[in-house]
Amino acid sequence: ISDQKPLGCWSVKHGQTLTCPVVCNFETHEYIAVHDDKVLRIWKSEDINLDKAFKATLSADVYRIHSLPNGGPVVLFKGGGVRTLDVLLEAPQQEIENVISDEVIRWSEACMEGQQPVIIFTTEKDGDFFVYVQKPKLSSLHKYKLEQQESFKPLCFTAHLKNQTVTLLCLYSNDSVYKILIPLQQDTEEGEEEEQILSKSLLLNLSVSGSVLKGTSLVVLDKDHIAVLGSLAASGKEPRECLTIWNTKFQTLQTSKELPLGTSGQLWCYEEKFFLTHGKVLTVIMYKCETSSLAAAVGKLKDSQTPDVSSFVNWNTLEDEELVVSFQSQESVALKSESKMNLRSRRNNVAKVQPETLSVGQLLLNLKDASTFVLENELKQLMSKAPTPDLQATIGCVVTALTDRCKTNPKYYPQNFLLQIVETRDLSYSLCPDLMAVALEKKDVHLLQICLQRFPDIPEEITYACLKAFLSISEAHLQRTDVNLDSVICYIDVEFDNKEVKTEIVENGFNAEKDQDMCDTKIPKETHSKSDGESCPVGPQKAALLNAVLHSAYTETFLLPHLKNLPARQAILFLRYLYYLYVKCSEKVNTTLPGIRCPTINQIMDWMCLLLDAHFTVMVMLPEAKELLSNLHKFVRAQVRFYSELNKIEGSLRELQRLNHLRDSQTYSIEVLEII
């Protein structure tokens, strides 16, 4: 999210429309979507074309699919009928009953009661609101009517299930949150159950210090806290959209954060993270709920307009104020923002604490002017502590502190310490965004290699910068550099004079003599052996670094503009190496290079196409690239012809494989099979 890297994208055909949110099946790791109300699609991450994914046309319109971690997906239809996905796939055209009549579903939620999924949904008809509680596996259904209020109506709902009781929270138009308790009833025989009216109790008034929050969405955090997204309106002032955390036990506003770019009005919560749109950006905010206390609630109420420094943390910049961060907040709710939000700091009001209770931020601030020896020792002790939920973020702060020291002191560069952290810790680029920039400045190719291999979220701009740096560094300099050669040592043979040993290569379906006359370009014999894929155009160190780039994840749309800026000679050198790898892969029947973390044939082909797209005009115009393009063209054409011939005998090969299975393995025989 922080680096805007799409990991997957699927589109329906023109004219089709996705009609409910896509969900993930936790059990099978598949995605489930519905388009045009009735068409169900199921696919996995590696599937590319959504049109070729599994398809099932249902007999009724789908309202929503709910996916439960331990209960599987459950499908709610617009008529109120509910089916588990397994039951639905057994007979997609099965008849779905209409539970509601002339009612419209406004909201739905799914919970687990033991091993049984429970669906709760609300409907509206002529201003009246109804609540349905359904257990699809037990064919159990109960209907309730909300207590009617003439002056105000419910805007949104949320619910959770605990101790056989559904707790339904309703945000009403009078800026209040009401609580409704619905006990799970035993099944009754048809016709015996009467419609019950649910009474509600006031849980919270969304007003503080004369300001009223016009809420649009709410989620439950724990038994004492809820989060509400809405506009905070004060008399004489413009409404401001805010994310607010409320303590329902003590009726107080715990903390709030203004969202000046506006939101869509929707707030999601999953695994202690908020998800909301802020302007055009999806913002993710981590939070941590602690035991509610009166002291914390009252303390917050006294100064609700200036949240404590522990409320928001900006991981992308660690300035003096922002270092004062408490990972073990004394407040009842601590918000730690991963988005680029402004931190409201009250550094001067932070009390003195004992060294053993120092937070990470306070410790880093104290070490800002410490000697290099003291700094590294303290950071090593900090990382050696027992694992905590915040350990990964702590390591990110440690790396950021080290890179900040490198920026202020150009002579300081703890290469071994940084290598140790990256190799032994599960980090990502977003946790320490300045690390690779500092490594590029110091030309630390070994650290860059490890980062490319281990970081899953490197921006395309940094990937390009690494590629350009690797191609520009001389072979003589790289020979004196420590580089991991595991990805090349098994297919590049090096003599003592650091020149590759030439071996005879017989490519699948490629004969150089046969194809020489098929190309219009005449290649001088004395230069033919230098670029025909038989010899590696780079040394083993540079090859290992380039392999790390090939393994790095990227999105073509974002990488291509940067790749166009690659100097022509470096682009040709890189293409020569890709061609060399392509030939090497083609030597093997399974088109797989030997070794650890070697590039795959798909990665090689993708980068080759990407490089040609970025530099095709330049490649055509440069004389030194003419021979390379000619050889590449011949080799690819030979490969296409070879696989075309294989396709012709595919049926015969399958028949041969079938005969091998039927043959008695204990009998020795020699057979001659004629393929016609």
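# A guided tour, stop by stop

Start by selecting strand β3, residues 39–43, together with β4: the two run antiparallel and are joined by four bridges. Look for I42 here, and across from I42 you will find F54 of β4. One word before moving on: what you have open is a predicted model.

**Stop 1: the sheet around β3 and β4**

Now widen the selection to the whole sheet. Its four strands come in the order β1-β2-β3-β4, the sheet is open, and the pairing is antiparallel. Which strands stand at the edges? They are β1 (18–25) and β4 (54–57); each has a single partner strand, so one side of each has no neighbour in the sheet. Turn the view to look across the strands: on average, neighbours in this sheet are turned by 15° against each other, direction ignored.

While you are in this part of the numbering, select W10, Y31 and W43, which ring pairs link into a cluster. Then go to Y63 and show its ring: R64 lies over the face of Y63, 5.4 Å from the ring centre.

**Stop 2: step back for the whole view**

Show the full protein for a moment. Its secondary structure comprises 18 helices and 25 strands. Of its 676 residues, 47% are buried. If you switch on a surface, the accessible area of the protein is about 35,800 Å², and carbon and sulfur atoms account for 50% of that. How much of the contact network joins residues at least 24 apart? Among contacts between residues at least 6 apart in sequence, the share is 59%.

**Stop 3: aromatic pairs**

Next, colour the Phe, Tyr and Trp rings. Counting rings as paired when their centres lie within 6.5 Å, there are 16 aromatic pairs. Select F129 and F157 for one of them: this pair is tilted, with 6.5 Å from centre to centre and 50° between the planes. F129 belongs to strand β10 (residues 128–135) and F157 to strand β12 (residues 154–162), so the pair links distant parts of the chain, 28 residues apart. Both F129 and F157 are buried.

For another pair, jump to Y582 and F635, whose rings meet edge-to-face at 5.2 Å centre to centre, with 75° between the planes. Y582 is in helix α15 (residues 568–587) and F635 is in helix α17 (residues 623–648), so this pair ties together parts 53 residues apart in sequence. Are these two residues buried or exposed? Y582 has 7% relative accessibility and counts as buried, because the limit for that is under 20%. F635, at 0% relative accessibility, is buried too.

Before leaving the rings, return to F130 and display K143 with it: K143 lies over the face of F130, at 4.7 Å from the ring centre.

**Stop 4: a hairpin and its neighbour strand**

Select strand β13 (residues 165–172) and strand β14 (residues 176–183). Eight bridges join this antiparallel pair. To see one partnership in detail, pick V166, whose bridge partner in β14 is I182. Between the strands of this hairpin are three residues, and D175 takes a positive phi near 60°.

Now add strand β16 (residues 201–205) to the selection. β14 pairs with β16 as well, antiparallel and over four bridges. Here V177 is the residue to click, with L204 of β16 standing opposite.

**Stop 5: two residues of helix α13**

For the last stop, select helix α13 (residues 540–551), where you will find N547. N547 counts as buried, at 1% relative accessibility. What is N547 in contact with, once neighbours within four places in sequence are set aside? Show S487, V488, Y491, Y577, L581 and P599.

K542 is in helix α13 too. With a relative accessible area of 4%, K542 is buried. Leaving aside neighbours within four places in sequence, the contacts of K542 are F470, L471, I473, E475, L478 and L573. Finally, draw a distance from K542 to Q479: C-alpha to C-alpha it is 9.1 Å, although the two are 63 residues apart in sequence.

Key:
Residues numbered from 1 in each chain as written. Predicted model: local features only at pLDDT ≥ 70, side-chain atom pairs only at ≥ 80, totals over all residues. Heavy atoms only, no water. Phe/Tyr/Trp six-rings, centres within 6.5 Å; stacked < 30°, edge-to-face > 60°. Buried < 20%, exposed > 50% of the residue type's maximum accessible area, 1.4 Å probe, protein only. Lys NZ or Arg CZ within 6 Å of the ring centre and 35° of its normal. Pairing = 2+ DSSP bridges. Axes fitted to C-alpha atoms, helices over the stretch in contact; angles between N-to-C directions. Contact = heavy atoms within 4.5 Å. Areas by Shrake-Rupley, 256 points an atom, 1.4 Å probe, with all protein chains shown as cover.
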